[in-house]
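Dear colleague,

Here is the structure I said I would pass on. My notes follow below it.

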Amino acid sequence: MVDIYIIDLFIIGLLLLVVTLLSGWISRLPLSFALIYLLVGILLGPYGFKLIQLRREGVFNAELLERLTEFVVIISVFSCGLKIVRPLKIGAWDITARLIGFLMPISIFGLAIVGKVFLGMDWGGAILLGAILAPTDPVLASEVQLTDVNDQDELRFGLTSEGGLNDALAFPFVYFGLYALKDKNWENWFKQWVAVDLIWAIAAAIAMGILVAKAIVWIDKKIQRQRPADALMEDFIAFGTIFVTYSLTEFVNGYGFLAVFVAGLIFQRSYRNSEKSLAKLEFIERVEKLLEIGTILVLGSILLFKPMLNYATQSLLVIALLFFVIRPVGAWISTIGKPSGHRHHRKMHPGTRWLFGWFGIRGVGSLYYLAYAYGNGLKNSLGEQIGWITYTTIVVSVIVHGISATPLMSWYERNLSPENRNASPPATVKEFE
């Protein structure tokens, strides 16, 4: 009898060959690679060949899902940081500040109100639902993010920086929801939450991201002057930076995701040789794509039709309000008065503002927060409710955002971005300084 592991390897290898060889055709279709991986994952799960099983005797292995998604997210947020070359000044990051400072809280509390008013949750569960589903995904949103370090498009920059940051900055609200589930008397833990989980964890993450990345780059440069590293091994400096930054930040109770994103920004700016940074970015992106395949395959394999149908009404309500009301309205509010970033256009085009609202792709980050919540007190009927709403929301996001990303970005490039370029030269890094 052939080992299931060998069969898994064969199918994954075959999948890699097919999507790679046909990528030229697939990329032109209103079809995302993630949707293909999801369908294959369903075929490999309990309704197909039963080759991937995270449920043993009805028990879901949340820890495995948490570790897998955690690994994928830290690779992805570092990649986001590597792509961004804008100076670290407030004016250059105006759109990011708006999306993180306004849009994310609007999304969290908008979803919390839906959970409280329409789904019958208490405030702890409702805020936890909002924190799980509010972050946009840095893994599945590659089609709408920055393509490389030379891409200065404002829409792509905003979505990239938002995806890199909000997977970390939703964490305080995840903790808030978990604390509220364990103790409904907020006075017992609210001050500690503000001091430790809000202020300290964010500050420590930023500091560690800067210090660790600078220290590693300094050591790298010193050693390279004496004896350069092997060319085949040099790309692993980036992975070493990711793992060391993340672990040291977690040691001091900071947010590792945020620290790794900051480390990516510092890493990008620390080498005068842009080719070196580009090579590391390309290597990281290839690994990220491979991890994306594994994660979406796992997501497809854990879907069960009956519980999804049981919570279908609630899920569709959350999806409809999130995709068509909360995120778009929040994005519109967040970009009120936003300059276009080009000399001859004072305000951001309404079409661009609506695209910010539409491209709120949910994915691996939400899976991580859900798995983390399962391991830290989320259980019973509330756990089932939040879990299946989350799974269904991610699946619908993979489908509708995946199908719409290519045509909408093509429309954007034809009708909005070229208008700006024809009216004036594209914004450069110096223009933001």
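**The loop between H11 and H12**

Ser-270 sits in the loop that runs between helix H11 (256-269) and helix H12 (274-302). Please keep in mind that this is a predicted model. Ser-270 has a relative accessible area of 15%, so it counts as buried. Its side chain reaches the backbone oxygen of Ile-266, at 2.6 Å. If neighbours within four places in sequence are left aside, Ser-270 is in contact with Val-217 and Lys-221.

Tyr-271 belongs to the loop between H11 and H12 as well. With a relative accessible area of 9%, Tyr-271 is buried. Val-217, already named as a contact of Ser-270, also comes up for Tyr-271: the two are 54 residues apart in sequence, while their C-alpha atoms are 8.3 Å apart in space.

**Core and surface**

The largest nonpolar core is made of 135 residues. Which residues have the most contacts inside this core? They are Phe-78, Ile-386 and Tyr-391. Helix H17 (residues 380-415) gives the core its largest share, eleven residues.

On the surface there is a nonpolar patch formed by Phe-10, Leu-14, Leu-17, Val-18, Leu-21, Leu-22 and Trp-25. Together these residues have about 770 Å² of accessible area. Five residues of the patch come from helix H1 (residues 4-21), which is the largest share. One of the patch residues, Leu-17, lies in helix H1. The relative accessibility of Leu-17 is 51%, and since the cut-off for exposed is over 50%, Leu-17 counts as exposed.

**Salt bridges**

How many salt bridges does the structure hold? There are eleven. I describe some of them here.

Asp-122 and Lys-184 form a salt bridge in which the closest N and O atoms are 2.7 Å apart. This pair links distant parts of the chain, 62 residues apart. Asp-122 is in the loop between helix H5 (94-117) and helix H6 (123-133), and Lys-184 is in the loop between helix H8 (171-182) and helix H9 (190-226). Asp-122 is partly exposed, at 29% relative accessibility, whereas Lys-184 is exposed, at 60%.

Arg-327 and Glu-162 also meet through their side chains in a salt bridge, at 2.8 Å from N to O. Arg-327 is part of helix H14 (residues 312-334) and Glu-162 is part of helix H7 (residues 154-169), so this salt bridge ties together parts that are 165 residues apart in sequence. Are these two residues buried or exposed? Arg-327 is buried, and Glu-162 is buried too.

Another salt bridge joins the side chains of Glu-292 and Lys-289, at 3.8 Å from N to O. Glu-292 and Lys-289 are three residues apart in helix H12, so about one helical turn separates them. Glu-292 is buried, at 5% relative accessibility, while Lys-289 is partly exposed, with a relative accessible area of 39%.

There is also a network of salt bridges, which links Arg-86, Asp-94, Arg-98, Glu-154 and Lys-338.

**Two asparagines with positive phi**

Asn-253 is not a glycine, yet it has a positive phi of about 65°. Asn-253 is placed in the loop between helix H10 (236-251) and H11. Its relative accessible area is 55%, so Asn-253 is exposed.

Asn-380 is likewise not a glycine and has a positive phi of about 60°. Where is Asn-380 found? It is in helix H17, the helix that gives the core its largest share of residues. At 60% relative accessibility, Asn-380 counts as exposed.

**Where to begin**

For a first look, I suggest these places:

- Ser-270, buried in its loop, with its side chain reaching the backbone oxygen of Ile-266.
- The core residues Phe-78, Ile-386 and Tyr-391, which have the most contacts inside the largest nonpolar core.
- The nonpolar surface patch, with five residues from helix H1.
- The salt bridge between Arg-327 and Glu-162, both of them buried.

Best regards

How values were computed:
Residues are numbered from 1 along each chain as its sequence is written. This is a predicted model: local features need pLDDT of at least 70, side-chain atom pairs count only at pLDDT 80 or more; totals for chains, interfaces and linings use all residues. Side-chain values use heavy atoms; hydrogens and water are left out. Patches are made of residues with over 30% relative accessible area and no salt bridge: like charges are joined within 9 Å, nonpolar side chains (Val, Leu, Ile, Met, Phe, Trp, Tyr) within 5 Å. Accessible areas come from the Shrake-Rupley method with a 1.4 Å probe; for residues, only the protein chains shown count as cover. A salt bridge is a side-chain nitrogen of Lys or Arg within 4 Å of a carboxyl oxygen of Asp or Glu. Helices (H or I, at least four residues) and strands (E, at least two) are DSSP runs, numbered from the N terminus. Buried means under 20% relative accessible area, exposed over 50%, partly exposed in between (1.4 Å probe, protein chains only). A polar contact is a pair of N or O atoms within 3.5 Å; within protein, one must be able to donate a hydrogen and the other to accept it, and residues adjacent in sequence count only if both atoms are side-chain atoms. Contact means heavy atoms within 4.5 Å. A nonpolar core is a set of buried Ala, Val, Leu, Ile, Met, Phe, Trp, Tyr and Cys residues joined through side-chain atoms within 4.5 Å.
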